[in-house]
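This report describes selected local features of one protein model. Please read it alongside the sequence and the structure displayed below.

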Amino acid sequence: MSDVIAKVISQKGACEAGHKVNDEFLIGQQTPPGLCSWAFYTLFPFAQVLQFGGSFPWEKDQDKTTVACPDPSNPVVFEIKRC
């Protein structure tokens with residue numbers, strides 16, 4: 001199983017969890033300290049694909065993907081990358 005890092009690459013509006021560009025979180029089986037649980041629930045399925053060797057056909061780099069948190073008024077965009 002590969003390590004996967006979620007990095008904030010964009011943040012607009014007022015994130016209730018206080019996430020800022022360049023924040024990084026190691027994604028495992030539990031919500032990492034400091035990561036909004038709503039964001040974790042959104043990131044987790046994508047992270048699992050990368051952790052277990054999968055990839056996304058729409059991505060040029062098969063070791064990463066981009067996912068946004070579910071708050072449409074204050075979106076935080078994460079790059080999820082296999083290490």
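Helix H1, which spans residues 37-51, has a kink of about 40 degrees at Leu43, shortly before the proline Pro45. The model discussed here is predicted.

Several residues of H1 are buried: Ala39, Phe40, Leu43, Ala47, Leu50 and Gln51. Leu43 is thus named both as the site of the kink and among the buried residues. An α-helix has 3.6 residues a turn, so residues three or four places apart point the same way. The cover over the buried residues of H1 includes the strands E1 (4-11), E2 (24-27), E3 (64-68) and E4 (76-82).

Two residues with a positive phi deserve attention, and they are set out in the table.

| Residue | Phi | Location |
|---|---|---|
| Gly53 | near 90 degrees | following H1 |
| Asn22 | near 85 degrees | loop between E1 and E2 |

Most residues other than glycine have a negative phi. Asn22 has a positive value although Asn22 is a residue other than glycine. Is Asn22 buried or exposed? Asn22 counts as exposed because its relative accessibility is 51%, and the cut-off for exposed is over 50%.

The final topic is the largest pocket, which holds about 160 Å³ of space. Its lining includes Trp38 and Ala39, and Ala39 is also one of the buried residues of H1. Other lining residues include Cys15, Cys36, Cys69, His19, Asp71 and Val76. By class, the lining comprises 8 nonpolar, 2 polar and 2 charged residues.

Definitions and conventions:
Residues are numbered from 1 along each chain as its sequence is written. This is a predicted model: local features need pLDDT of at least 70, side-chain atom pairs count only at pLDDT 80 or more; totals for chains, interfaces and linings use all residues. Side-chain values use heavy atoms; hydrogens and water are left out. The bend at a residue is the angle between axes fitted to the seven residues ending there and the seven starting there. Helices (H or I, at least four residues) and strands (E, at least two) are DSSP runs, numbered from the N terminus. Buried means under 20% relative accessible area, exposed over 50%, partly exposed in between (1.4 Å probe, protein chains only). Contact means heavy atoms within 4.5 Å. On a 1 Å grid over the protein atoms alone, a cavity is a set of points where a 1.4 Å probe fits but cannot get out, and a pocket is an open set with protein on both sides within 12 Å along at least five of seven lines; lining residues have an atom within 4 Å of a point. Grid points are joined across faces, edges and corners, and a volume is the space filled by probe spheres set on the points. Ala, Val, Leu, Ile, Met, Phe, Trp, Tyr, Cys and Pro count as nonpolar, Asp, Glu, Lys and Arg as charged, and the others, Gly among them, as polar.
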